[in-house]
Amino acid sequence: MVRVLAVADEVVDSLTFGVGIDGRPDVILGAGDLPFEYLEVLATLCDAPCVFVPGNHDRDLSGYRRARAGWVRAGLPAAEPGPRGAINVDGRTATVAGLRISGLGGCRRYNSGPNQYTDVHQRVRSWRLTCARPAPDILLTHSPARGVGDGDDAPHRGFDCYHGLVRSLRPTLLVHGHVHPYGMRPADKMIGDDTISMNVVGYCEFDIEPNSREFRVVRRRHGS
C-alpha cells in the first residue's frame, strides 16, 4: 500500500507541525488553491514528493519549461513555477512513489482569471490523458465532475467531460478540491463503473494499492 496525504483549498495549520498525519506519507497530492509554500512545508516535513495541479486561485503556470540552465519562460530565465521540487501533472501523467497519477487543473470559466476553462477547452486538454497507458491509479483534478459533488453556481459547476475521461481511464480514485463543504462532511461518490470521487478540501490521508481497486481512508478533515 502507498500512503497518500491529499490536500486542497484550505490550509490546515496543524499539519505543518505533523499533527493529524498518521505515519509518514509516501506522496503529497495538492488539488489546487493552496499556497505553494504550504505544499513545500508538507513535502519537507514528510520527506515525500509532491504532485499537484493548479486551482483557479493559483497563478498561471503555463509556458514554463525546464532547460539545462534552469527554468525559462518565453525564452527568458524564470524562477521555478509552482512549489519547489514538486511535479505539476496538469495535462500529463507521472509515476510517483509507485502510483500512476494523471492530472487536470483549473475550474469552469466564470471570469477572465487564470486556470479557467470552458467544458470544450477542458475536453480538448483531457484528450492527451486518454493515451496514458497503463491507466492511472489516481486522476487528480481541482474541480469535480458535473453532478458528482459539484455546486450549482457558475464557478463551482463541475466538468461534463470528466465522465468520459473516467470511463476511458478507469482510475481507482478521482481526487478533487474546489467545492468547500462549509462544515458538512461530503460523502465519497461513485463516478463511472468503479471509480470513487473524493473531495479533499482540508485534507484526506489514505492508503492505495497500485494497479488495483483497493484503497482505505486513514484520516480526513474537511474544511471549515
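The following exercises, each with a worked solution, deal with the sheets and two helices of a predicted model.

**Exercise 1.** Determine the strand order of the open sheet of 3 strands, and state which strands are its edge strands.

*Solution.* Begin with the order, which reads β4-β5-β6, with antiparallel pairing. Next look for the strands that pair on one side only, which are β4 (64-67) and β6 (76-77), the edge strands. Then examine one pairing in detail: β4 and β5 (residues 70-73) are joined in the antiparallel sense over 4 bridges, and Arg65 stands opposite Val72 in β5.

**Exercise 2.** Work out the strand order of the open sheet of 6 strands, and explain why one side of β8 and one side of β14 are left without a neighbour in the sheet.

*Solution.* Recall first that strands of a sheet pair through backbone hydrogen bonds, either parallel or antiparallel. In this sheet the pairing is mixed, and the order is β8-β9-β12-β13-β15-β14. Because β8 (93-96) and β14 (189-191) stand at the edges and have a single partner strand each, one side of each is left without a neighbour in the sheet. From one strand to the next, the twist averages 30 degrees. As an example of a parallel pair, take β9 (residues 99-104) and β12 (residues 138-141), which are joined by 4 bridges, with Ile101 standing opposite Ile138 in β12.

**Exercise 3.** Identify the buried residues of helix α3 (residues 161-169), and explain why they lie on the same side of α3.

*Solution.* Taking buried to mean under 20% relative accessible area, the residues of α3 that are buried are Cys161, Tyr162, Leu165, Val166 and Leu169. These residues cover an arc of only 135 degrees around the axis, and therefore they lie on the same side of α3. The general background is that an α-helix has 3.6 residues a turn, so residues three or four places apart point the same way. Now ask what covers the buried residues of α3: the elements include β9, α2 (119-127), β12, β13 (173-176), β14 and β15 (195-199). Finally, follow the chain just past α3, where Arg170 takes a positive phi of about 50 degrees.

**Exercise 4.** List the buried residues of helix α1 (residues 36-46), and find which strands they pack against.

*Solution.* By the cut-off of under 20% relative accessible area, Phe36, Tyr38, Leu39, Glu40, Leu42, Ala43 and Cys46 are buried in α1. The packing partners of the buried residues of α1 are β1 (2-8), β2 (27-30) and β3 (50-52). As a last step, consider Asp47, which follows α1 and has a positive phi, near 50 degrees.

Definitions and conventions. Residues are numbered from 1 along each chain as its sequence is written. This is a predicted model: local features need pLDDT of at least 70, side-chain atom pairs count only at pLDDT 80 or more; totals for chains, interfaces and linings use all residues. Side-chain values use heavy atoms; hydrogens and water are left out. Two strands pair if DSSP finds at least two bridges between them. Helices (H or I, at least four residues) and strands (E, at least two) are DSSP runs, numbered from the N terminus. Axes are lines fitted to C-alpha atoms, for helices over the stretch in contact, and angles run from 0 to 180 degrees between N-to-C directions. Buried means under 20% relative accessible area, exposed over 50%, partly exposed in between (1.4 Å probe, protein chains only). The arc is that of the directions from the helix axis to the C-beta atoms. Contact means heavy atoms within 4.5 Å.
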